[in-house]
Amino acid sequence: MPVQSAPNHPGVDSEVMPVMRRALCVFRFLFAFGLIGLALPSHAITSYCVSTAQQLNQALTAAQNSSDTLVLIRLREGTYDTFASSSPFSYVSQTVNQILDISGGWSGDGSNCTTQRPNPALTQLIGIAGYPTLTLTAASSGGQVYLHDIAISNANHTATTIGGACLYVKVAAGSEARLERMQMHDCVARNTSFAAGFFDNRGGTFTARNVAVFNNVGRRNGGIGVTTSLGGVSNLAQISVTRAMAFDGNPNDNAGILLNTPDAASRIALSNSVSWGNSSYINNSGATVYVSDVAVYSFYGTIDLTRVHRGSLLGTPDSDVAPGSGDPGFLGIGDARLRSDSILVDSGVSSPPGGSGVFDADGATRVQGAAVDVGAFEAAPGGTIFRNGFD
């Protein structure tokens, strides 16, 4: 069966090929999450290769209105500024069981995206004042959203809507969202709680791994917040948060990573992660607002921490296995990449909930020593000069 496409859509792949060949292009990503069985010949597939902000916006709109089972949006390497688009980058699933895969790092001849480099820094999304840079909602029953190999920033966010400056992900019951190899940096939320990302899981499944969050400012939280309710399950692994700042609100809510489960059936697991160097801030009243590195509010739900390295912890998790403290050995202020002598090297647990992934947040191969490193970045043996294929 031929690939379903929209020939008149700017940036859409123009060639028509068998579905199995198209499916092989996402084989690695789907296989890594155990979803390769979904890319079968019986599933209609639409693929977009985009190179401008306008084309990205059009592809997201087309995906939202598509009835196809699998929609691929491939972003060429470069910068996508929401200001240049007619509207914010946003997607709300409308089709039952639709899979949306958004990925960066692509290149290729003509209008085709044929080669990908798994490094989020190669593909940058920049936001505007009125909205989060990117909003994704897995709302339809069985809907699945995958976002990977993309960096997001927004230094000018002034809106009061929920979601923060850079990334807002909402997951409904029976649906799923996954983030892989992401960087969220220079996210400034002047009027909302969460600077970098707010992930609202209402009865579905949410997974984030190999995500680096750095140099962000928010009213109550300069990093990321995860709320999981209505029986949802959220797994976060290989997360690094540093230099998160907050300047207002209740000091108890200010954190680099904030986890919240308001009901008994819900669960969050945070593993092989580090939150460190998140700064206090002088607010408009001249008072110092302190930022905890990790804050947990399990209420009636369950929050489990496994090999989480932090400077401070607010609240009491249901379990806290192999915690870490002390200088993590970052390369520098606001840079959570690891020195070769870092205590986080080779110190992670194997097979954490959500998995460690094949590549880290720079696209370097995972597990380059005796065990996986803690955090979003894997330190190369002998130092960082050997990262990303340079030898």
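Let me start at one cysteine, Cys187, which counts as buried because its relative accessibility is 0%, and I should say straight away that what we are looking at is a predicted model. Cys187 forms a disulfide with Cys166, and the two sulfur atoms lie 2.0 Å apart. As for where these two residues sit, Cys166 is in the loop between strand S9, residues 144–157, and strand S10, residues 167–172, while Cys187 belongs to strand S11, residues 176–189, so the pair ties together parts that are 21 residues apart in sequence. Cys166 also has a relative accessibility of 0%, and therefore it counts as buried too. If you look along the S-S bond of Cys166 and Cys187, the angle about it is -100 degrees, and the link is left-handed.

How many disulfides are there in the count? The count comes to 2, and the other one is formed by Cys49 and Cys113, whose sulfur atoms are 2.0 Å apart. Here the pair links distant parts of the chain, with Cys49 in strand S1, residues 45–50, and Cys113 in the loop between strand S5, residues 99–107, and strand S6, residues 115–116, which places the two cysteines 64 residues apart. The link of Cys49 and Cys113 is right-handed, with 75 degrees about the S-S bond.

Are Cys49 and Cys113 buried or exposed? Cys49 has a relative accessibility of 3%, and because buried means under 20%, this residue counts as buried. Cys113, again at 3% relative accessibility, likewise counts as buried. If we count the bonded cysteines along the chain, the disulfides of the protein follow the pattern 1-2, 3-4.

I would now like to move from the cysteines to a strand, namely S15, which covers residues 233–246. Of its 14 residues, 12 are buried, so strand S15 is largely enclosed by the rest of the structure.

Which strands pair with S15? One of its partners is strand S13, residues 205–218, which runs parallel to S15 and is joined to it by 12 bridges. To find a place in this pairing on the model, you can take Phe214, whose bridge partner in S15 is Thr242. Another partner is strand S17, residues 267–276, and S15 and S17 pair in the parallel sense as well, over 8 bridges. For this second pairing, a residue to look for is Asn235, which stands opposite Ala269 in S17.

To return briefly to where we began, Cys187 in strand S11 is held in a disulfide with Cys166, and the bonded cysteines follow the pattern 1-2, 3-4 along the chain.

Terms used
Residues are numbered from 1 along each chain as its sequence is written. This is a predicted model: local features need pLDDT of at least 70, side-chain atom pairs count only at pLDDT 80 or more; totals for chains, interfaces and linings use all residues. Side-chain values use heavy atoms; hydrogens and water are left out. A disulfide is a pair of cysteine sulfur atoms within 2.5 Å. Helices (H or I, at least four residues) and strands (E, at least two) are DSSP runs, numbered from the N terminus. Buried means under 20% relative accessible area, exposed over 50%, partly exposed in between (1.4 Å probe, protein chains only). Two strands pair if DSSP finds at least two bridges between them.
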